[in-house]
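Colleague: Could you take a close look at one part for me, the place where the two chains meet? I'd like a connected account, and then whatever else you can tell me about the surroundings.

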2 protein chains.
Amino acid sequence: MDEVMADAIAKQLELFNRDYRDNVGIEHLQGRKLRDLRPHLTKEISGYFDLPDFFRDLPVIENSIEVIRELSERYEIFIATAAMEVPYSFAAKYEWLQEHFTFIPPSNIVFCGNKSIIHADFLIDDHASNFVGFQGQGVLYTAAHNVFVTGYPRVNNWLEVREFFC
Amino acid sequence: MDEVMADAIAKQLELFNRDYRDNVGIEHLQGRKLRDLRPHLTKEISGYFDLPDFFRDLPVIENSIEVIRELSERYEIFIATAAMEVPYSFAAKYEWLQEHFTFIPPSNIVFCGNKSIIHADFLIDDHASNFVGFQGQGVLYTAAHNVFVTGYPRVNNWLEVREFFC
């Protein structure tokens, strides 16, 4: 979900810049995360994800709804999200999906930790670490933090996802 | 989780008998569910699962903690629960696991719907329907509702699970 369907970084930067009168932009996060840039505030930065409603109103990544809907006509789609890292996010993530991805049945939503437990042919993810132990084909979805990662097929946006699968 | 690690039926019967001055016992539920026995109250019966705290204080099924801890020394254990049927249960289920199964890391907890998404060698479950599409070996854990189900290896309690795997 995060950085693939939901723009968590946009909201994180907005809150961070407001709270610390900083001016970090996505252009400063190429190949790294906010906590790498401001290590003395690591605890505060990860604290945003513990706010119960942080995930409730994230912006939807461009074209994700349209392309996933289209793919769902040809493929069986599951949404797998590493929610166990942020247990207070469960309700907000579920409601966000119900609001924006109305065509995904709850039976096809998975809140997990280690994604090696996922049985699927493909996994579209922004973290290559999630491909470790995954038996299918990992597809790396470009996010600022992963721009220098190699070793996996890469898609830069949802139009490229459509092209990859159709 | 439910009927394998957590005794949801015990609590459901307790609440039902209290609210409807009934006297249903587990002995009346052999091969069927409470809603089959009292179909005119189906909505009220399933409503118990929507109470946010229903799952928080369920009794732990006998020997499950000890045997799962023992198995976790030889096997990689994931807890997969069909939580998407009862989205208000997320927090309570998570906290219940954190309380009783302290040795299971959050990364190995999976809240899902359709269990065909689970990639594992074995799935211990009280619902044979969860074995449909599952690529590993299903192991049916005896619960009142499934006593007449055949077609899968069956374990009647956690001591039998230990025997099956060790």
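Modeller: Sure, and let's begin with how the copies relate. Keep in mind that this is a predicted model. Turn chain A by 180 degrees, with 0.0 Å of shift along the axis, and it superposes on chain B with an RMSD of 0.0 Å. The two copies are therefore related as by a two-fold rotation axis. They also use the same surface to meet: 100% of the contact residues of chain A recur in chain B.

Now the interface itself. On the chain A side, 22 residues are in contact with 22 residues of chain B. Between them the two chains bury about 1,900 Å², and 70% of that is on carbon and sulfur atoms. If you want to know where to point the camera in chain A, go for A:Met84, A:Ile117 and A:His119: these lose the most area to chain B, and together they make up 35% of what that side buries.

As for polar links across the interface, the salt bridge count between chain A and chain B is 0. There are, however, 7 residue pairs in polar contact between the chains, counting pairs with both residues at pLDDT 80 or more. Looking at elements, helix H5 (90-100) and strand S2 (109-111) of chain A are the ones that give two or more residues to the side touching chain B. Sorted by class, that side of chain A has 14 nonpolar, 7 polar and 1 charged residues.

Helix H5 is a handy way into the chain interior, too. In chain A, the buried residues of H4 pack against H5 and against helix H6 (158-165). H4 of chain A covers residues 64-71, and the buried ones there are A:Ser64, A:Ile65, A:Val67, A:Ile68 and A:Leu71. So what about the other copy? In chain B, the buried residues of H4 pack against helix H5 (90-100) and helix H6 (158-165) of that chain. There H4 is assigned to residues 64-72, with B:Ser64, B:Ile65, B:Val67, B:Ile68 and B:Leu71 buried.

While you're in chain A, have a look at the loop between strand S4 (137-141) and strand S5 (154-155), where A:Asn146 sits. A:Asn146 has a relative accessible area of 2%, so it counts as buried. Its side chain reaches the backbone oxygen of A:Asp126 at 2.9 Å. Leaving aside residues up to four places away in sequence, A:Asn146 touches A:Asp126, A:Leu140, A:Tyr141 and A:Arg154.

A:Thr142 lies in the loop between S4 and S5 as well. Its side chain makes a polar contact of 2.9 Å with the side chain of A:Arg154, and another of 2.7 Å with the side chain of A:Asn156. With the same sequence neighbours left out, A:Thr142 touches A:Val147, A:Arg154, A:Val155 and A:Asn156. That puts A:Arg154 in touch with both A:Asn146 and A:Thr142.

One last stop, over in chain B: B:Asp121, in the loop between strand S2 (109-111) and strand S3 (122-125). B:Asp121 counts as exposed because its relative accessibility is 64%, and the cut-off for exposed is over 50%. B:Asp121 and B:Gly136 are 15 residues apart in sequence, yet their C-alpha atoms are 4.5 Å apart in space. Beyond its sequence neighbours up to four places away, B:Asp121 touches B:Phe134, B:Gly136 and B:Gln137.

Terms used. Residues numbered from 1 in each chain as written. Chains lettered and ligands numbered in written order. Heavy atoms only, no water. Contact = heavy atoms within 4.5 Å. Buried area = accessible area lost by both parts, 1.4 Å probe. Salt bridge = Lys/Arg side-chain N within 4 Å of Asp/Glu carboxyl O. Polar contact = N/O pair within 3.5 Å; in protein donor to acceptor, adjacent residues only side chain to side chain. Helix = DSSP H or I, 4+ residues; strand = E, 2+ residues; numbered from the N terminus. Nonpolar A, V, L, I, M, F, W, Y, C, P; charged D, E, K, R; others polar. Buried < 20%, exposed > 50% of the residue type's maximum accessible area, 1.4 Å probe, protein only. Least-squares fit on C-alpha atoms with pLDDT ≥ 70 in both.
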